[in-house]
Amino acid sequence: MTTPIFLPLGFARLLATTSVFLAALLLCGKALPQHAQRTLLDSVHVHPAYHGQVPKKSDVIFSSRFKRDNAAAVAKAFGATRIEWVYSTDPSFFQSLRSVAPWIGGTVNSSMPLPQDGGVAKDLDGNPIVAPWMKFWGAKWTTTTDSRTRSVIEGVARQYLDHGASSIQVDDPLMQYAAGILGGDFSESSLNGFSKFLSAYPNQNELKRLGIAVGEHFDYKKFLSEKYGINNSVDYKNRYRSLPTTYLWFAYLKGSVVSYFASFRSFLNTAHGK
């Protein structure tokens with residue numbers, strides 16, 4: 001049985017996402033601080049190499065994002081040897097694709113449908129983050145700092161494994177880090193995580209110089225209001241790139257994404273019996 005490959009940070013897609021974000025920010029005349037640009041570009045290096053089976057030059061890769069009655073027939077007509085980027089978990093559809101190609105890749109993403117708003121990334125006003133390119137259908141961005149999001153992602157991944165998936169990719173993999181670029185993530189779970197991040201920060205004197213008094217629970221929203229007079233999402237999005245504390249915020253958001261992917265890899269190994 002083929003061991004599923006986990007593709008958390010697809011190199012090409014990451015660079016494409018990076019280019020879109022940086023281009024948009026530069027066009028607005030408000031590029032991210034240098035540290036934030038680096039973390040976008042070097043995100044592909046945060047995991048140890050996981051060497052799985054990569055496509056051969058002779059492979060024909062086909063994608064059917066969603067369940068379509070003619071997908072298997074069309075894939076067969078094109079001589080597909082791998083069918084990737086499949087969102088459907090319908091077992092009969094999945095098996096129809098497997099009858100055509102030996103390699104089927106399931107997909108999860110940063111906007112997985114949740115049973116409720118718990119797990120949704122938020123802006124400073126408490127509104128859900130919706131990516132600019134997703135406004136037409138209103139897909140809400142999620143945060144893996146919330147256990148409800150993790151449960152949904154892992155539940156879908158388990159279904160792919162049960163159906164015999166050869167790989168699982170993560171579309172829009174920057175998760176709450178991307179939400180941060182868009183002016184979030186001020187969800188309760190991410191704010192709680194940031195408080196813990198600061199409590200464990202190795203250089204507490206650095207925090208003191210920034211005016212951060214780490215206590216039992218550091219409230220970043222309250223800090224922004226009291227320290228910088230930022231009380232709404234519009235003001236925050238206009239100013240966050242120049243705030244002295246932003247590098248800590250992004251370091252935390254990046255670390256939380258990296259940490260989740262490490263645990264997701266462990267989950268897949270366990271679920272697959274490795």
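Me: Let's count helices as DSSP runs of H or I with at least four residues, and strands as E runs with at least two. How many helices and strands are there in the protein chain?

Reply: Keep in mind that this is a predicted model. The chain has 274 residues, and 49% of them are buried. Run the DSSP count over the protein chain and you get 11 helices and five strands.

Me: What share of the contacts with a separation of 6 or more comes from residues 24 or more positions apart?

Reply: A contact here means heavy atoms within 4.5 Å. Set aside pairs with a separation under 6, then ask how many of the rest join residues 24 or more positions apart; the share is 67%.

One more total for the chain: carbon and sulfur atoms supply 55% of the exposed area, which comes to about 13500 Å².

Me: Which residues form a nonpolar patch on the surface?

Reply: Start with Trp133, which sits in the loop between strand S4 (103-109) and helix H5 (147-162). Its relative accessible area is 36%, so Trp133 is partly exposed, and a patch member needs over 30%. Together the patch residues offer about 450 Å² of accessible area, and they are Trp133, Phe136 and Trp137.

Me: Is Thr143 buried or exposed?

Reply: Thr143 is in the loop between S4 and H5. Leaving out neighbours within four places in sequence, Thr143 has contacts that include Gly119, Val120, Ala121, Gln176 and Ser189. The cut-off for buried is under 20% relative accessible area. Thr143 has 0% relative accessibility, so it counts as buried.

Me: Which side chain makes a polar contact with the side chain of Thr143?

Reply: Look to the loop between helix H6 (175-181) and H7, where the partner is placed. The partner also turns up in the contact list of Thr143, alongside Ser187 and Ser190. At 3.2 Å, the side chain that meets Thr143 is that of Asp185.

Me: Which residues does a cis peptide bond join?

Reply: Most peptide bonds are trans. Here is one that isn't: omega is about 0°, and the two residues it joins are Gly184 and Asp185.

The second of that pair is the residue whose side chain makes the polar contact with Thr143, namely Asp185.

Me: What is the phi of Met175, which is not a glycine?

Reply: Most residues other than glycine have a negative phi. Met175 lies in helix H6, and at 1% relative accessibility it counts as buried. Trp85, in strand S3 (residues 82-86), also has a positive phi, near 60°. For Met175, phi is positive too, at about 50°.

Me: Which helices do the buried residues of H7 pack against?

Reply: H7 covers residues 188-199, and its 12 residues span 17 Å from first C-alpha to last, close to the expected 16 Å. In an α-helix, residues three or four places apart point the same way, since there are 3.6 residues a turn. The buried set in H7 includes Leu191, Phe194, Ser195 and Leu198. What the buried residues pack against is helix H8 (204-209), helix H9 (220-228) and helix H11 (246-271).

Me: How many salt bridges does a search of the whole structure find?

Reply: Side chains of opposite charge can pair when their charged atoms come close. One such pair is Lys56 with Asp59 at 3.8 Å, N to O; Lys56 counts as exposed at 53% relative accessibility, while Asp59 counts as buried at 17%. Another is Asp146 with Arg148 at 3.0 Å, where Asp146 is buried at 9% and Arg148 is partly exposed at 41%. The search over the whole structure returns five.

Me: How far apart are the closest N and O atoms of Lys67 and Asp90?

Reply: Lys67 and Asp90 form a salt bridge. This pair links distant parts of the chain, 23 residues apart: Lys67 is in the loop between strand S2 (61-63) and helix H3 (71-77), and Asp90 in the loop between S3 and helix H4 (91-98). Lys67 is partly exposed at 47% relative accessibility, and Asp90 is partly exposed at 23%. The distance between their closest N and O atoms is 3.5 Å.

How values were computed. Residues are numbered from 1 along each chain as its sequence is written. This is a predicted model: local features need pLDDT of at least 70, side-chain atom pairs count only at pLDDT 80 or more; totals for chains, interfaces and linings use all residues. Side-chain values use heavy atoms; hydrogens and water are left out. Patches are made of residues with over 30% relative accessible area and no salt bridge: like charges are joined within 9 Å, nonpolar side chains (Val, Leu, Ile, Met, Phe, Trp, Tyr) within 5 Å. Accessible areas come from the Shrake-Rupley method with a 1.4 Å probe; for residues, only the protein chains shown count as cover. A salt bridge is a side-chain nitrogen of Lys or Arg within 4 Å of a carboxyl oxygen of Asp or Glu. Buried means under 20% relative accessible area, exposed over 50%, partly exposed in between (1.4 Å probe, protein chains only). The expected span of a helix is 1.5 Å times one less than its number of residues. A polar contact is a pair of N or O atoms within 3.5 Å; within protein, one must be able to donate a hydrogen and the other to accept it, and residues adjacent in sequence count only if both atoms are side-chain atoms.
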